[in-house]
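Work through the following exercises with the sequence and the coordinates open beside you. Each task is followed by a solution that proceeds step by step.

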Amino acid sequence: MKDKYILAFETSCDETSVAVLKNDQELLSNIIASQIDSHKRFGGVVPEVASRHHVEVITTCINEALSEANITVSDLTAVAVTEGPGLVGALLVGIAAAKAFAWAHELPLIPVNHMAGHLWAARQVKPLEFPLMALLVSGGHTELVYVSEPGDYKIIGETRDDAVGEAYDKVGRVMQLTYPAGREIDMLAHQGKDVFNFPRAMMKHDDPALEFSFSGLKSAFINTVHNAEQKGESLDVKDLSASFQAAVLDVLLAKTKIALTEYPVKMLVVAGGVAANKGLRDRLAAEITDIDVVIPPLRLCGDNAGMIAYASVCEYNQNHFADWDLNATPSLSF
Ligand code: KG4
Ligand code: ZN
């Protein structure tokens with residue numbers, strides 16, 4: 001049988017990425033051009049800057065992805081692209097490039113949900129078994145998703161305000177860490193102690209069991225730092241980080257455990273940028289032992305086209321292809 005090769009595009013935020021997946025499993029290349037250095041000085045992603053960068057590097061990324069995979073255009077079976085959620089201008093660059101590429105080479109175009117991409121990155125570790133539960137934690141999203149079968153996603157709980165990654169980045173700014181701060185806070189947390197006992201939101205008996213909220217934690221953190229500053233004191237960033245991370249992880253673990261008792265599943269997938277968190281990985285390994293916990297390798301946790309390629313296999317198998325008028329859907333949900 002002829003080998004199947006999918007060329008995937010991801011440009012929803014601040015990484016321009018193109019990947020090649022062979023026979024649904026083998027990631028032959030996953031080129032990621034990060035723009036973080038251009039956004040750092042603004043303390044966050046500037047949408048217009050992001051779009052311009054995508055335009056500048058996308059062609060090079062395509063060429064590199066094909067050459068690293070050691071294939072030519074004529075080997076390709078299909079083209080996949082993130083249609084949302086994400087920044088509209090950034091998404092449009094990937095969509096325009098993928099459409100033009102697919103049209104020119106007469107290949108089918110597969111639209112992919114970015115969050116499904118994060119989830120399917122776990123496919124690199126092992127075949128996914130259904131039904132499964134996914135805890136998706138990124139800069140823009142925090143959600144528990146019940147997946148009864150491939151392609152059938154149901155959000156059973158999500159954040160009412162900030163996403164976890166967003167909260168990490170915001171408290172990082174208060175500690176004058178560079179954007180994005182999640183990784184550094186994770187490292188500092190391991191050297192400090194939970195001395196501030198920040199609030200764990202929506203953990204009381206009559207609270208919505210599967211909903212999240214991180215804005216109260218963020219405010220408590222900011223107030224603690226500002227109050228200390230007013231008194232001329234400076235707080236230990238290691239203890240601040242450890243306290244913040246302990247509050248976040250207590251909530252993530254508690255809600256995930258409730259979800260697993262309410263929905264019997266074969267597997268728990270934890271994915272998204274924050275799934276790179278060492279503290280989270282350690283606690284999952286220690287506390288969720290009665291079910292298979294699958295977390296993508298570190299390089300597939302952040303945004304990348306490899307995960308879009310894995311997710312596109314599910315769409316391909318169900319004959320979900322895009323028309324040539326495919327548009328970006330910035331607030332696409334499951
Ligand atoms: O999934 P992602 O790359 O982009 C979005 O789709 O949002 O996630 C980026 C987020 C950022 O907020 C970043 O601070 C956070 O993931 N992050 C982490 C860690 N590494 C990245 N948060 C906590 N601990 C980490 N080790
Ligand atoms: Zn993402």
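**Exercise 1: The ligand and the domains**

Task: explain why ligand 1 lies between domain 1 and domain 2.

Solution. Domain 1 (5-121 + 301-317) and domain 2 (129-295) both give residues to the shell around ligand 1, so ligand 1 lies between them; the domain bounds come from an automatic or database domain assignment. The model is predicted, so that local features need pLDDT of at least 70 and side-chain atom pairs count only at pLDDT 80 or more, whereas totals for chains, interfaces and linings use all residues. Residues are numbered from 1 along each chain as its sequence is written, while chains are lettered from A and ligands numbered from 1 in the order in which they are written.

The shell around ligand 1 holds 19 residues, of which the closest are Ser138, Gly139, Gly165, Gly182 and Gly273; a residue is near a molecule if its C-beta atom, placed from the backbone, lies within 6 Å of it. Two or more residues of this shell come from each of helix H5 (164-174) and helix H6 (182-189), helices being DSSP runs (H or I, at least four residues) and strands likewise (E, at least two), numbered from the N terminus. Sorted by class, the shell has 6 nonpolar, 9 polar and 4 charged residues, where Ala, Val, Leu, Ile, Met, Phe, Trp, Tyr, Cys and Pro count as nonpolar, Asp, Glu, Lys and Arg as charged, and the others, Gly among them, as polar.

**Exercise 2: The contact between the domains**

Task: find how many residues each of domain 1 and domain 2 brings to the contact.

Solution. Start from the C-alpha centres of domain 1 and domain 2, which lie 27 Å apart. The contact takes 13 residues from domain 1 and 18 residues from domain 2, with two residues in contact if their C-beta atoms, placed from the backbone, lie within 7 Å. On the side of domain 1 that touches domain 2, helix H1 (36-40) and helix H4 (114-120) each supply at least two residues, and H4 gives the largest share, 4 residues. That side divides into 7 nonpolar, 5 polar and 1 charged.

**Exercise 3: The sheet**

Task: determine which strands stand at the edges of the open sheet of 5 strands.

Solution. The strand order is S8-S7-S6-S9-S10, with mixed pairing, and two strands pair if DSSP finds at least two bridges between them. Strand S8 (152-158) and strand S10 (292-294) each have a single partner strand, so they stand at the edges. Strand S7 (residues 142-149) pairs with S8 in the antiparallel sense over 6 bridges, and Val145 stands opposite Ile155 in S8.
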